[in-house]
Amino acid sequence: MSVKERFGKVDLVFVHLFDGFSGSPKVLHESISVSISENIPSCLYLGSGGQGVLSTEAILPVKRYWYKRYKSKFATLLSLLLSQIFLFFKLLFDRRLSADSIIYVNALLPFGASIFGALSGKKVIYHIHETSIEPKIFMSFLLWVNKLTSDLNIFVSDNHLEAFPSSKIPSLRIYNGLGRNILRQAATHQYQHFVANSFHVVLLANLRDYKGVPEFLDLAARFADRKEIIFDLVANEEDQSAYEYLEHFDITPNVTLHSRVDDPAKFYKLASIVVNLSRPDLCVETFGLTILEAMAFGVPVIVPPVGGPAELVQGGVHGYLIDSRHTEELENSVSTLLADKDLCFQMSKAGRLRAADFSPQRYVENLRKILR
């Protein structure tokens, strides 16, 4: 059945704010796949500000509502608030929705949908991916809306569930699953310690300080005299935004910027190691899907010692658990992996075995129980 033919009465409404190729849209794409496999009449409400896996690989009818990001954080916040008013009224006048329709809110930001669901007497499910949003007063508002409107909160790791402000809302943990497309590509990939005579250190992240981009650039500077090491900064940003962010840094020649990346798999194939350098004092990763995807490709990883990554990675087995502020330890670990090919291959094998625990089948079965 085509996307067009699936318009009609809707029992399940998925709602997301900003499309991209990061973890949250990817996980939602898998959730949508479950609804289709269960023959649940569904649709997707998606903010107009981005293009990513939800729009380029659309498998459901998509209704866009206005939203735009700006350079100014204040302007973006105003845009978000206005977008939720548009979203609320779009849902209100959507005649496909029945009294029994369920509103499935992906992340905390599309709060207009949860308010609509609560006021119209519909069940609201939150799939929560984040722990903190700035400014703090806005985060407090989002938590208050969640507390008033949600019938069920889904969290992506045990640490995430435990760290979330307590409430009486029924809650459960469902680990994210690997996407089928990523797994297909990972299955045929053979890990290489050096690719084209170079050792590639890869960071896939939004260009934000709390994602450890300054620490990554500092790490690269420490290896500036080692011509065989390349630091690949894979940014989920448009070219202009990437250049505007990076113009304030002194970037060494061994750093290569890759912006607006639609296929992260090619960088897992390129990587000798993948790093996640999120600052634990600024951002605790709730899961770390890029970490898991890297492990599926057999790539050793360096990750924060807190949050979801600490549940995925065993230090010394799949890679290393290091606070990115501990610069010397970070540098020493990269040097160790650069020099020890056998260790990298041991970690590669162990990483693949660990990634197998997060199959899409397991994720599908866990979510199917809820949607039933």
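Which residues does Ala107 touch, not counting residues up to four places away in sequence? In this predicted model, Ala107 touches Tyr126, His127, Ile128, His129 and Glu130. The residue sits in the loop between β4 (97-106) and α4 (111-119). Ala107 has a relative accessible area of 10%, and therefore counts as buried, the limit being under 20%. Thr131 lies 24 residues from Ala107 along the chain. The C-alpha atoms of this pair are separated by 9.9 Å.

Strand β1 (residues 10-16) contains His16. His16 is buried, with a relative accessible area of 5%. Its contacts, leaving aside neighbours within four places in sequence, include Ser24, Pro25 and Leu28. Leu44, Tyr45, Leu46, Gly47 and Leu54 are also in contact with His16. Tyr65, Asn106 and Pro110 complete the list for His16. Between the C-alpha atoms of His16 and Ile154 the separation is 15 Å. Along the chain, these two residues are 138 residues apart.

Leu44, Leu46 and Leu54 are also touched by Val62, again not counting residues up to four places away in sequence. Val62 belongs to strand β3 (residues 62-65). Its relative accessibility is 30%, so Val62 counts as partly exposed, between the limits of 20% and 50%. Tyr45 is 17 residues from Val62 along the chain. The C-alpha atoms of Val62 and Tyr45 are separated by 5.9 Å.

The nonpolar cores come next. In soluble globular proteins, nonpolar side chains tend to be buried together. In this model, the largest nonpolar core has 82 residues. Those with the most contacts inside this core are Tyr104, Val201, Phe216, Phe231, Val274, Ile302 and Leu337. Phe216 touches Val201, Val202 and Leu203, among others. Further contacts of Phe216 include Phe231, Asp232 and Leu233. Val275 and Leu277 are also touched by Phe216. These contacts of Phe216 do not count residues up to four places away in sequence. Apart from the largest core lies another core, of 30 residues. Among its residues are Val13, Tyr45, Val105 and Ile128.

How do helices α13 and α14 cross, and at roughly what angle? Two packed helices are described by the angle between their axes and the distance between the axes. The axes of α13 (residues 327-339) and α14 (residues 341-355) come within 5 Å and cross at roughly 100°. This angle falls in the range 65 to 115 degrees, so α13 and α14 are roughly perpendicular to each other. On the α13 side, the contact is made by Thr336, Leu337 and Ala339. On the α14 side, Lys341, Leu343, Cys344 and Met347 take part. The residues of this contact divide into 5 nonpolar, 1 polar and 1 charged. Leu337 of α13 is also one of the residues with the most contacts inside the largest nonpolar core. Cys344 of α14 is buried, at 0% relative accessibility. Cys283 is buried too, with a relative accessible area of 14%. A search of the whole structure finds 0 disulfides.

Several loops were also examined. Where does Ser272 lie? Ser272 lies in the loop between α10 (265-270) and β11 (273-275). Ser272 is buried, with a relative accessible area of 0%. Leaving aside neighbours within four places in sequence, contacts of Ser272 include Tyr191, Gln192, His193 and Phe194. Ser198, Phe199 and His200 are in contact with Ser272 as well. Val299 and Pro300 also contact Ser272.

The backbone has some features of note. Most residues other than glycine have a negative phi, and most peptide bonds are trans. Ala196 has a positive phi of about 55° although it is not a glycine. Asn197 likewise has a positive phi, near 65°, and is a residue other than glycine. Ala196 is found in the loop between α7 (180-187) and β8 (199-205). Asn197 also lies in the loop between α7 and β8. Ala196 is exposed, with a relative accessible area of 68%. Asn197 counts as exposed at 70% relative accessibility. From Glu134 to Pro135, the peptide bond is cis, with omega near -5°. Pro135 is placed in the loop between β5 (123-127) and α5 (136-149).

Notes
Residues numbered from 1 in each chain as written. Predicted model: local features only at pLDDT ≥ 70, side-chain atom pairs only at ≥ 80, totals over all residues. Heavy atoms only, no water. Helix = DSSP H or I, 4+ residues; strand = E, 2+ residues; numbered from the N terminus. Buried < 20%, exposed > 50% of the residue type's maximum accessible area, 1.4 Å probe, protein only. Contact = heavy atoms within 4.5 Å. Axes fitted to C-alpha atoms, helices over the stretch in contact; angles between N-to-C directions. Parallel < 35°, antiparallel > 145°, perpendicular 65-115°, else oblique. Nonpolar A, V, L, I, M, F, W, Y, C, P; charged D, E, K, R; others polar. Core = buried A, V, L, I, M, F, W, Y, C linked by side-chain atoms within 4.5 Å. Disulfide = S-S within 2.5 Å.
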